[in-house]
Amino acid sequence: TPSLETYQRAVDGELKLLTLNQRVNQRQMPKIHIIDMCNELSKGNSSMFSLKFQEELKKCIDSNNQAIVFINRRGYSSFMRCIDCGYVAKCKNCNISLTYHKYENKLRCHYCGFEQNVINQCPECESDKVRYFGTGTQKLEEEVHSLFPTATTVRMDIDTVTKKNSHEEILNKFKNENIDILIGTQMVVKGHHFPNVTLVGVISVDGMLNIDDYRATERTFQSLVQVSGRAGREGDKGRVVIQSYNIDAYVIDYAKNQDYITFYNTEIDFRKMLKYPPFCDIILVRFQGENLYEIEKTSKNIYEFLKKSINQNIGMVYKPMPAPIDKIKNKYRWRMIIKTKVSGKLLDCISYIINNQKIKNGTSIIVDINPSSMM
């Protein structure tokens, strides 16, 4: 699952293309089931696990095989919300909701580390109708134990691998002690060979697709193909269950069929139409600091200078706006996007304009070319 930019370079002859036409040990690819979670709700199943996945998980455990459950989130629940007034508990330093961690009984920020005790009464309207929404690895593990009380589990996410060598210890424990189910985030997706794993479950594709990044579809395809490849590498044939509220997304169908070429052809057409890499470069200019007024003023000044300096035939400069996560660690964050073909002359121009701005109050400016994250 190479990046589109890398594969495009191979198509253009810049790189030599080497293709793997057979799976490890000449094993068959796993059978993949796509489950519409909207239908599950209409059937009265409000569980995180579809009926199909519950069935497959039972078969797997009864056969003394192992399963991997992948979810793109850690913690217990995504956020806390008051049913009456809509209040959401947010970090005091970052403008994002706090994540509920049940085992520690804490609300925690995954960006700055701030934490506080759980809230049982709304601080805004004093209502006791406080509920926790969303799904994380901890909540997933709890539901597994509820459905399969005798099953053994181990969890692998950023909260469980903080100690030295904990990453290897968890993987060795899963493999050597024949733990029934490994529950994890992105860490379980690729690079692992567990002979006894015959089942993989993807709890929700939607969280990967619905983020503010032009690479979201590509990364979703990569994750689905990679995690599917953990099932049935030896012994029994593998099965994969992918759950989504939007099963019509083309990326799910292409991932199910392991069809990188069709995915590439579809996605590269979108990239060309919208002028995204590899058909242009994206320069992300980030502004951050503790003074919101100064950040807004500086970003708009630089935008006006760049708009005059960069001809529309060379590239497009988009108005600065608050970043998707507009405050982290008490620092406000704005961003400006430039679509262009990078050249030394252009970078000199951007550098000159930024360096000649009178920047006050600790505002910092970071220029990132083709960033790994747009957040």
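Okay, let's start with a pair in a helix: E55 makes a salt bridge with K59, and their closest N and O atoms sit 3.4 Å apart. Before I go on, keep in mind that this is a predicted model.

Why do those two pair up along the sequence the way they do? They're four residues apart in helix α3, which runs over residues 51–62, so about one helical turn separates E55 from K59. As for how much of them you'd see from outside, E55 counts as partly exposed because its relative accessibility is 40%. K59 is partly exposed too, with a relative accessible area of 41%.

While we're on charges, there's a network to point out. Salt bridges with shared partners tie E5, E218, E267 and R271 together into one network.

Next pair: R9 and E14. Their side chains meet in a salt bridge, 3.2 Å from N to O. Here the two ends fall into separate classes. R9 is at 39% relative accessibility, so it counts as partly exposed, while E14, at 52%, counts as exposed. The cut-off for exposed is over 50%.

Now have a look at R155 and D157. They form a salt bridge as well, with the closest N and O atoms 2.8 Å apart. Buried or exposed, these two? Both D157 and R155 are buried. And how many salt bridges does the count come to? It comes to 15.

Let's move on to the empty space, beginning with the second largest pocket. That pocket holds about 930 Å³ of space. Its lining takes in 23 residues, and the ones nearest the centre are T1, L20, N21, V225 and Q258. If you want to find it by secondary structure, look at α7, residues 216–228, and α9, since these are the elements that give two or more residues to the lining. The largest share belongs to α7, with three residues. What's the chemistry of that lining? You get 11 nonpolar residues, seven polar and five charged.

Then there's the enclosed space. How many cavities of 30 Å³ or more does a search of the whole structure find? One. The largest cavity has about 40 Å³ of space in it. Lining it are L284, R286, F287, A323, R333, W334, R335 and M375. Strands β12, residues 281–289, and β15, residues 331–340, each put at least two residues into that lining. By type, the lining splits into five nonpolar and three charged residues, with no polar ones.

Last stop is the surface, and this brings us back to α9. That helix covers residues 260–274, and M273 is in it. Together with F270 and L274, M273 forms a nonpolar patch on the surface, and the accessible area of the three adds up to about 310 Å². Buried or exposed, then, for M273? Its relative accessibility is 60%, so M273 counts as exposed.

So, to recap what to click on: the E55 and K59 salt bridge in α3, the buried R155 and D157 pair, the second largest pocket with α7 and α9 in its lining, the largest cavity with β12 and β15, and the nonpolar patch of F270, M273 and L274. That's the tour, thanks.

Note on methods. Residues are numbered from 1 along each chain as its sequence is written. This is a predicted model: local features need pLDDT of at least 70, side-chain atom pairs count only at pLDDT 80 or more; totals for chains, interfaces and linings use all residues. Side-chain values use heavy atoms; hydrogens and water are left out. Patches are made of residues with over 30% relative accessible area and no salt bridge: like charges are joined within 9 Å, nonpolar side chains (Val, Leu, Ile, Met, Phe, Trp, Tyr) within 5 Å. Accessible areas come from the Shrake-Rupley method with a 1.4 Å probe; for residues, only the protein chains shown count as cover. A salt bridge is a side-chain nitrogen of Lys or Arg within 4 Å of a carboxyl oxygen of Asp or Glu. Buried means under 20% relative accessible area, exposed over 50%, partly exposed in between (1.4 Å probe, protein chains only). On a 1 Å grid over the protein atoms alone, a cavity is a set of points where a 1.4 Å probe fits but cannot get out, and a pocket is an open set with protein on both sides within 12 Å along at least five of seven lines; lining residues have an atom within 4 Å of a point. Grid points are joined across faces, edges and corners, and a volume is the space filled by probe spheres set on the points. Ala, Val, Leu, Ile, Met, Phe, Trp, Tyr, Cys and Pro count as nonpolar, Asp, Glu, Lys and Arg as charged, and the others, Gly among them, as polar.
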